[in-house]
Amino acid sequence: MTVLVGEVLWHQRAEQFFLDVAADGYVVASCAEVNEAEATELKRQSELGAWHVCSVNDCLAECVAAGCSCSRSVNPVARDAFLRTTAERIIKRTAEHAEVCYTSLGSGLLRFDFSLLEMLLSRGVPVTSVHLVDSQYEPDAQGYMRHRVALAQFASWFTLRGVEVYVHYSLERYAFEARRTSALPAIVMQVDCFELTAAFDKEVKPALEEVLQIDGLYCALTSREGASGAGSMGSTCAWAEFWRLVPETGRMKMETLTCFRPGDTSGINVDVNKPLPRVAGH
């Protein structure tokens, strides 16, 4: 079998990390000693919301698909605006929490989660455990090696930060472990994962209503059709969705919805009572 150049690169990078995943998803990871100056600068930049690349996070990445409305090439402001808004909401909602369990669905190559968690930790949010859910973390997955390296680097860093990291290959597997261990999340993130957005009503929402803490937040950045419809350049938008598990009903309810149109410098608030636009894939 011919091995691609990219695969060779990630096989080489994998040798720099130790990674082991237990049956319950608990990740044990380590890497070469972290440079203290780099770590200090990374924390300083992360507190400001900036993406500072160094040996601590240089294997992490995000979607750069040309047709993705959540990508920086199509929609330059959406991801950073969503990052800041999400951080502020989480900080307010968890002000009285002694511990915070954080979950990310479709977490992929982990750049967004790294940025958000560093921002939260710098603001005193007591995140003690992180659960990462993505089919690409399955060893038999086609893109496993690239994701393995990102996972190892991510887990190595946050273990040093006093955060336990767990990984799960599917939503069903994660939901089972969350119920079994009573490790119920206060925060669930989902950034630019078309497959889960398309399955939200039938799979994601019912699962989260079983495991999300009362008053817990579900925050999603999704790609949906814009006012001009599908099929033309600029016809899709990035949508910031914020949901809460309502104590009275035990069901999730959308609190706010913001639309980021390609080319806009800020988002537009949308009526949460109107039907959501159709999901756009890429």
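These legends walk through several close-up views of a predicted model.

**View 1. The open sheet and its eight strands.** Here you're looking at an open sheet built from eight strands, with mixed pairing. Reading across, the strands come in the order S5-S4-S3-S6-S7-S8-S9-S10. The two edges belong to strand S5 (164–168) and strand S10 (268–269), each of which has a pairing partner on one side only. Strands of a sheet pair through backbone hydrogen bonds, and they can do that either parallel or antiparallel.

**View 2. Strand S3, wrapped up on both faces.** Let's zoom in on S3, which covers residues 100–105. Six of the six residues of S3 are buried, so the strand is largely enclosed by the rest of the structure. In a regular strand the side chains alternate between the two faces of the sheet. On one side of S3 you'll find Val100, Tyr102 and Ser104, and on the other Cys101, Thr103 and Leu105, and all of them are buried. S3 also pairs with S4 in the parallel sense, over six bridges. To pick out one of those pairings, look for Cys101, whose bridge partner in S4 is Ser129.

**View 3. His131 and its neighbours.** Now move to strand S4 (residues 127–133), where His131 sits. Is His131 buried or exposed? With a relative accessible area of 6%, His131 is buried. Its side chain is joined to the side chain of His168 by a polar contact of 2.9 Å. Leaving aside residues up to four places away in sequence, His131 touches Cys101, Tyr102, Thr103, Ser104, Tyr166, His168, Tyr174 and Ala183. Four of the residues on that list, Cys101, Tyr102, Thr103 and Ser104, turned up in S3 in the previous view.

**View 4. Strands S6 and S7, side by side.** Strand S6 (residues 187–191) and strand S7 (residues 217–225) pair in the parallel sense, with five bridges between them. A handy spot to find your bearings is Val191, which stands opposite Leu221 in S7. Helix H8 (residues 200–211) lies across both of these strands, and also across S3, strand S8 (236–246) and strand S9 (251–260). Relative to S9, helix H8 runs at about 125°.

**View 5. Ile187, with no accessible area.** Staying in strand S6, pick out Ile187. The relative accessible area of Ile187 is 0%, so this residue counts as buried. What does Ile187 touch, not counting residues up to four places away in sequence? The contacts are Ile90, Thr94, Val100, Cys101, Tyr102, Thr103 and Leu217. For a sense of scale, Ile187 and Val279 are 92 residues apart in sequence and 23 Å apart in space, C-alpha to C-alpha.

**View 6. Asp192, in the loop after S6.** Follow the chain into the loop between S6 and helix H7 (194–198), and you'll meet Asp192. At 13% relative accessibility, Asp192 counts as buried, because the cut-off for that label is under 20%. The side chain of Asp192 makes a polar contact of 3.2 Å with the side chain of Arg79.

**View 7. Helix H4, mostly under cover.** Helix H4 (residues 111–122) has 12 residues and reaches 17 Å from its first C-alpha to its last, close to the 16 Å expected. How many of its residues are buried? The count is 11 of 12, so "mostly covered" is a fair description of H4. Among the buried ones are Phe112, Phe114, Leu116, Leu117 and Met119, along with the charged-looking names Arg111, Asp113 and Glu118. The buried residues of H4 pack against helix H2 (36–47), helix H3 (78–93), S3, S4, helix H5 (144–160) and S6. Just after the helix comes Gly124, with a positive phi near 85°.

**View 8. The hairpin of S1 and S2.** Strand S1 (residues 18–21) and strand S2 (residues 27–30) run antiparallel and are joined by four bridges. Leu19 has Ala29 as its bridge partner in S2. Five residues lie between the strands of this hairpin, where Gly25 takes a positive phi near 95°.

**View 9. Cysteines without a disulfide.** How many disulfides does the structure hold? Zero. Take Cys219: the closest cysteine sulfur, in Cys101, is 14 Å from its own, which is too far for a bond. Cys219 is buried, at 0% relative accessible area. Cys59 is buried as well, with a relative accessible area of 0%.

Definitions and conventions
Residues are numbered from 1 along each chain as its sequence is written. This is a predicted model: local features need pLDDT of at least 70, side-chain atom pairs count only at pLDDT 80 or more; totals for chains, interfaces and linings use all residues. Side-chain values use heavy atoms; hydrogens and water are left out. Two strands pair if DSSP finds at least two bridges between them. Contact means heavy atoms within 4.5 Å. Axes are lines fitted to C-alpha atoms, for helices over the stretch in contact, and angles run from 0 to 180 degrees between N-to-C directions. Buried means under 20% relative accessible area, exposed over 50%, partly exposed in between (1.4 Å probe, protein chains only). A polar contact is a pair of N or O atoms within 3.5 Å; within protein, one must be able to donate a hydrogen and the other to accept it, and residues adjacent in sequence count only if both atoms are side-chain atoms. The expected span of a helix is 1.5 Å times one less than its number of residues. A disulfide is a pair of cysteine sulfur atoms within 2.5 Å.
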